[in-house]
Amino acid sequence: MKGFRETSLADRQETAAKARAAQLEKARAAARANQEGAAERQAARLKLAAEREARAATRKIEREAREAREKQERAAAEAARIEAEKLAAVARAKELAERAAREKALEAERKAARDARYAGRKARQK
């Protein structure tokens, strides 16, 4: 162990002070580098936030337009359904009236045939 030299307290303190100074300088350099790019990063963040808000506003407008369109379509479908129900009710009423008229005519025919048979029987009896 030739050349071994035991360090003294003063040497160790001096080495520690140099190491602390080097770390402090390194931290200061990193802080300066961060400060130099901070404005650019902040501007980029603001730009991204503005773009995000613009996209959100566009989506909101599109959603409102789609909801309005769907509401109109539902209203039109409901109106068409009501109109179809009215037409079906009119058709049913017309069919019932025609059926009632046919039944009345058929009943009149039957009555006339019955009366003719009755008159024929009465004529034969005399």
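# Questions about a predicted helix

Student: What does K111 count as at 43% relative accessibility?
Tutor: This is a predicted model, and we can reason from its computed values. Buried would need under 20% and exposed over 50%. The 43% of K111 falls in between, so K111 counts as partly exposed.

Student: Which residue meets K111 in a salt bridge?
Tutor: Side chains of opposite charge can pair when their charged atoms come close. The partner sits in helix α1 together with K111, four residues apart, which is about one turn of the helix. Its relative accessible area is 39%, so it is partly exposed too. With 3.3 Å from N to O, the residue that meets K111 is D115.

Student: Which three residues are joined into one network by salt bridges that share partners?
Tutor: Here we look for salt bridges that have a partner in common. Such sharing links the residues into one network, made of E78, R81 and E85.

Student: How many salt bridges does the count come to?
Tutor: A pair counts when a side-chain nitrogen of Lys or Arg is within 4 Å of a carboxyl oxygen of Asp or Glu. K111 and D115, at 3.3 Å, are one such pair. By this rule the count comes to six.

Student: How far apart are the closest N and O atoms of E14 and K18?
Tutor: Both residues lie in helix α1, four residues apart, about one turn of the helix. E14 is partly exposed at 43% relative accessibility, while K18 is exposed at 55%. The two form a salt bridge, with their closest N and O atoms at a distance of 3.3 Å.

Student: How many residues apart are E107 and R110?
Tutor: Their side chains meet in a salt bridge of 3.6 Å, N to O. E107 is partly exposed, with a relative accessible area of 37%, and R110 is partly exposed at 44%. Both are in helix α1, about one turn of the helix from each other, and the separation in residues is three.

Student: Let's look at the whole chain. How many helices and strands make up its secondary structure?
Tutor: Helix α1 covers residues 9-125. For the protein, the secondary structure comes to one helix and zero strands.

Student: What is the radius of gyration of the protein?
Tutor: For 126 residues, the globule rule gives 14 Å. The protein's value is well over that, so the protein is more spread out than a compact globule. Its C-alpha atoms fill a box of roughly 170 × 40 × 20 Å along the principal axes. The radius of gyration itself is 52 Å.

Student: How far apart in space are A54 and A123, C-alpha to C-alpha?
Tutor: A54 is found in helix α1, and its relative accessible area of 42% makes it partly exposed. A54 and A123 are 69 residues apart in sequence. In space, their C-alpha distance is 102 Å.

Student: What share of the residues of the protein count as buried?
Tutor: To be buried, a residue needs under 20% relative accessible area. The accessible surface of the protein comes to about 11700 Å², of which 57% belongs to carbon and sulfur atoms. Of the 126 residues, the buried share is 1%.

Student: Now for charge. How far apart do the centres of the positive and negative side chains lie?
Tutor: The protein has 35 positive side chains and 22 negative ones. Take the centre of each set, and the distance between the two centres is 6 Å.

Student: Which residues gather in a patch of positive charge on the surface?
Tutor: One member to start from lies in helix α1, namely R52. At 48% relative accessibility, R52 counts as partly exposed. The full patch of positive charge is R52, R55, R59, K60, R63, R66 and R69.

Student: And which residues gather in a patch of negative charge?
Tutor: Let's start from E67, which lies in helix α1. E67 has a relative accessible area of 43%, so it is partly exposed. On the surface, the patch of negative charge gathers E64, E67, E70 and E73.

How values were computed. Residues are numbered from 1 along each chain as its sequence is written. This is a predicted model: local features need pLDDT of at least 70, side-chain atom pairs count only at pLDDT 80 or more; totals for chains, interfaces and linings use all residues. Side-chain values use heavy atoms; hydrogens and water are left out. Patches are made of residues with over 30% relative accessible area and no salt bridge: like charges are joined within 9 Å, nonpolar side chains (Val, Leu, Ile, Met, Phe, Trp, Tyr) within 5 Å. Accessible areas come from the Shrake-Rupley method with a 1.4 Å probe; for residues, only the protein chains shown count as cover. Lys and Arg count as positive and Asp and Glu as negative; His and the chain ends are not counted. The place of a charge is taken as NZ of Lys, CZ of Arg, CG of Asp or CD of Glu. Helices (H or I, at least four residues) and strands (E, at least two) are DSSP runs, numbered from the N terminus. Buried means under 20% relative accessible area, exposed over 50%, partly exposed in between (1.4 Å probe, protein chains only). The radius of gyration is taken over C-alpha atoms; the globule rule is 2.2 Å times the number of residues to the power 0.38.
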